[in-house]
Amino acid sequence: MSGPTPSATSADCNLLRWVQALVPKVQREGWLRYWRAELLHVRTLRPAHGRRDLALGLILDAAWLRSESLRIQSQGDAGWCLMLLAGVAILAAIPAVIIAGSLEAFIHSLAFWLPSFIFGSLLVVVASHLTSAIPVQTPALPLTLRIKSCVFYAGKIALLLPITFLLSADLAAPLHPTTSFFAFMVQSLLFALLALVALQWAILDGILRCKHCLRPLAEPIRVGRPSHNFLEWNGTELLCAEGHGLLSLPEIETSSSQPSRWLSQTHR
Amino acid sequence: MSPHLSHSAALILKAVSLGYRFGFEIMEATGLPSGTVYPALRRLERDKLVASDWEPESDAATRGRPTRCYYSITETGNAANLAATGRYPLLAQLLPVKTS
């Protein structure tokens with residue numbers, strides 16, 4: 001059987017035109033081709049089936065493509081990380097508000113805790129920067145990239161410190177009825193401990209992200225032979241999935257071996 | 001390791017393994033609504049359990065219809081299909097064997 005290929009009806013075209021806005025631009029052409037064919041098959045193979053039978057599938061298919069594209073775009077990027085931390089901050093604040101009795105009482109108690117929070121935060125920030133020693137050799141990056149990286153790091157710290165403070169307050173809350181000074185000491189120690197761990201994570205997370213798109217580096221590959229530690233270089237290399245470059249991390253940092261370094265593939 | 005499949009996803013995968021190749025055909029064979037079949041096919045393709053390919057333009061033109069996007073089961077899909085058949089033993093009975 002041969003003949004001219006049937007074309008879509010105006011109702012099909014309208015349906016496709018309305019729903020196509022949901023589909024990401026790069027996939028739109030393929031999606032239109034796919035659904036034009038499917039709609040025509042229904043009409044030619046099963047005329048009894050209405051277009052309505054496929055309409056839900058068509059809409060949900062477009063919605064799935066959109067949600068998948070959003071998922072891929074946001075997976076692990078800087079905005080996603082900050083949003084996640086903001087969500088954790090809100091979750092950490094909920095028990096504190098419940099313990100305080102009301103939002104007003106919670107805000108009032110914040111004013112009381114503010115000096116110790118600021119003092120503790122400063123100490124922790126200074127201590128964690130002095131103790132973290134994984135310097136990465138990075139070629140000169142454009143100013144915008146450096147600003148973006150700094151803003152992301154500052155955002156992470158600005159969220160991590162309140163999170164750890166609130167968590168320490170939540171954990172120390174059961175001690176308040178017994179003695180407030182003991183509770184204050186326990187909370188301060190917990191805060192220092194949690195904040196130090198959180199800031200170490202923030203620094204390490206910054207190192208293990210692409211210096212261009214700030215997405216986490218992937219595909220760690222071991223390079224070299226560990227048995228030849230003192231004779232030749234061995235370590236791990238991590239790649240940016242977007243192809244911006246790779247991070248080379250030696251197994252052992254020594255004065256004779258090459259340090260950790262970022263090899264950019266787009267800006268030399 | 002085979003991914004965990006829902007009953008409807010396993011049914012769709014079974015349909016593809018039996019030779020039902022394009023969206024509407026799979027929908028008819030499984031009896032599932034379009035709102036389940038099409039997104040499930042996308043998910044199966046994302047998870048590399050099925051692969052899709054357009055039929056040659058010349059084949060479609062000979063038959064006087066638009067080109068179809070055909071799905072086929074992959075090696076991973078076959079393993080997942082076997083695992084799903086073990087998990088849902090009545091799965092195969094729900095589908096008629098494709099004759100043409």
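## A tour of chains A and B

Start by selecting helix 1 of chain B, where A9(B), A10(B), L11(B), I12(B), L13(B), K14(B), A15(B), V16(B) and S17(B) are buried. A residue is buried if 20 or more other C-beta atoms lie within 10 Å of its own, exposed if 12 or fewer, and partly exposed in between, with C-beta atoms placed from the backbone. Helices (H or I, at least four residues) and strands (E, at least two) are DSSP runs, numbered from the N terminus.

The model is predicted: local features need pLDDT of at least 70 and side-chain atom pairs count only at pLDDT 80 or more, while totals for chains, interfaces and linings use all residues. Residues are numbered from 1 along each chain as its sequence is written, and chains are lettered from A and ligands numbered from 1 in the order in which they are written.

**Chain B**

Stay on helix 1 of chain B, residues 7-17: 9 of its 11 residues are buried, so the rest of the structure largely encloses it. To see what covers these buried residues, add helix 2, helix 3, strand 1, strand 2 (69-73) and helix 5 (75-87) of chain B, which are included in the cover. Just after helix 1, pick G19(B), whose phi is positive at about 110°.

Now show the whole of chain B. It has 5 helices and 2 strands, and from the N terminus on they follow the order α-α-α-β-α-β-α. Of the 100 residues of the chain, 35% count as buried. Two residues are in contact if their C-beta atoms, placed from the backbone, lie within 7 Å. Taking contacts in chain B between residues at least 6 apart in sequence, 60% join residues at least 24 apart.

Go next to K48(B), in the loop between helix 3 and strand 1 (50-54) of chain B. Its phi is near 60°, a positive value in a residue other than glycine. Most residues other than glycine have a negative phi. Is K48(B) buried or partly exposed? K48(B) is partly exposed, with 13 other C-beta atoms within 10 Å.

**Where chain B touches chain A**

Display both chains together. Here 19 residues of chain B are in contact with 23 residues of chain A. On the chain B side, the elements giving two or more residues are helix 2 (23-30), helix 3 (34-46) and helix 4 (57-63). Helix 3 of chain B gives the most, with 7 residues. By class, this side of chain B has 8 nonpolar, 6 polar and 5 charged residues. Ala, Val, Leu, Ile, Met, Phe, Trp, Tyr, Cys and Pro count as nonpolar, Asp, Glu, Lys and Arg as charged, and the others, Gly among them, as polar.

**Chain A**

Hide chain B. Chain A has 7 helices and 4 strands, running α-α-α-α-α-α-α-β-β-β-β from the N terminus on. Buried residues make up 21% of its 268 residues.

Select helix 5 of chain A, residues 103-131, and look for the kink of about 50° at W113(A), shortly before the proline P115(A). The bend at a residue is the angle between axes fitted to the seven residues ending there and the seven starting there. The buried residues of this helix are F117(A), G120(A), S121(A) and V124(A), and they pack against helix 6 and helix 7 of chain A.

Add helix 7 of chain A. Helix 5 and helix 7 of chain A pack at an angle of about 40°, with their axes 9 Å apart. Axes are lines fitted to C-alpha atoms, for helices over the stretch in contact, and angles run from 0 to 180 degrees between N-to-C directions. That makes helix 5 oblique to helix 7 of chain A. Angles under 35 degrees count as roughly parallel, over 145 as roughly antiparallel, 65 to 115 as roughly perpendicular and the rest as oblique. Residues in the contact of these two helices divide into 9 nonpolar, 5 polar and no charged.

Swap helix 5 for helix 6 of chain A. Helix 6 (residues 143-172) and helix 7 (residues 180-207) of chain A pack at about 150°, with axes 8 Å apart. The two are therefore roughly antiparallel. The residues of this contact divide into 18 nonpolar, 4 polar and 1 charged.

Finish at L214(A), in the loop between helix 7 and strand 1 (218-223) of chain A. Its phi, near 65°, is positive in a residue other than glycine. L214(A) counts as buried, with 22 C-beta neighbours inside 10 Å.
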